[in-house]
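Colleague: Could you take a close look at the largest pocket of this predicted model? I would like to know what lines the pocket and how the elements around it are arranged.

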Amino acid sequence: MEYKIIERSFFARIARMVLKSRNVAMVLGKTIYLSGVSRNTFLQDEGWVAHELCHIRQFKEHGFWRFLWLYLVESVKVGYYNNKYEVEARIAGMKHLRHINPSHKIARAIDPSGLPLPADTKKKT
């Protein structure tokens, strides 16, 4: 797949502020814009690269302006996290994990014991 990467992007810096994130990669057409992360660091993360390549494919499938419109409408309706295009890209970004050695999967696992309880869960006393 043909794509270009631009580091220290103004567009990605805005997205970074909106998302309140330390680093962002975002796609417009066939270009991946980075902020807060170097090209080399980004390219070393297979899942992140797969996620952004999924967005490039989405742009190609729907067309540049149509995809921007569809993405915006979807985000307004259901929010960024539940946006079907983001969900599809997250799934694409996780597919490489099935090839990882099980011991590496365990090392990447999140320990839920330190996470806060959901608001509707009561502590047992």
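Modeller: What follows starts with the pocket and then turns to the sheet and the helices. The model is a predicted one, and the values below are computed from it.

The largest pocket has a volume of about 860 Å³. Its lining is made up of 31 residues, and those closest to the centre are Leu19, Ala25, His51, Tyr80 and Glu86. Five elements give two or more residues each to this lining: the helices α1 (10-19), α3 (46-62), α4 (64-78) and α5 (84-94), and the strand β2 (24-28). The largest share comes from α3, which supplies six residues. By residue class, the lining of the largest pocket holds 19 nonpolar residues, seven polar ones and five charged ones.

The strand in that list, β2, belongs to an open sheet of three strands. The strand order is β1-β3-β2, and the pairing is mixed. Because β1 (4-6) and β2 each have a single partner strand, they stand at the edges, and one side of each is left without a neighbour in the sheet. On average, neighbouring strands of the sheet are turned by 25° against each other, with direction ignored. The pairing of β1 with β3 (residues 31-35) is parallel and runs over three bridges. Within this part of the sheet, Ile6 has Tyr33 of β3 as its bridge partner.

Two of the helices that contribute to the lining also pack on the sheet. One of them, α1, touches β2 and β3, and its direction makes about 125° with that of β2. The other, α3, likewise touches β2 and β3, but its direction makes about 20° with that of β2. The strand β2 is thus a lining element of the pocket as well as a strand touched by α1 and by α3.

The remaining two helices of the lining list, α4 and α5, pack against each other. Their axes are 8 Å apart and the packing angle is about 100°. An angle from 65 to 115 degrees counts as roughly perpendicular, and α4 and α5 are therefore roughly perpendicular to each other. On the α4 side the contact is made by Phe67, Leu70, Tyr71 and Glu74, and on the α5 side by Lys84, Tyr85 and Glu86. These contact residues divide into four nonpolar, no polar and three charged. Glu86 takes part in this helix contact and is also one of the residues closest to the centre of the largest pocket.

Note on methods. Residues numbered from 1 in each chain as written. Predicted model: local features only at pLDDT ≥ 70, side-chain atom pairs only at ≥ 80, totals over all residues. Heavy atoms only, no water. 1 Å grid on protein atoms, 1.4 Å probe; cavity = no way out; pocket = protein on both sides within 12 Å on 5 of 7 lines; lining within 4 Å. Points joined across faces, edges and corners; volume = space filled by probe spheres on them. Helix = DSSP H or I, 4+ residues; strand = E, 2+ residues; numbered from the N terminus. Nonpolar A, V, L, I, M, F, W, Y, C, P; charged D, E, K, R; others polar. Pairing = 2+ DSSP bridges. Axes fitted to C-alpha atoms, helices over the stretch in contact; angles between N-to-C directions. Contact = heavy atoms within 4.5 Å. Parallel < 35°, antiparallel > 145°, perpendicular 65-115°, else oblique.
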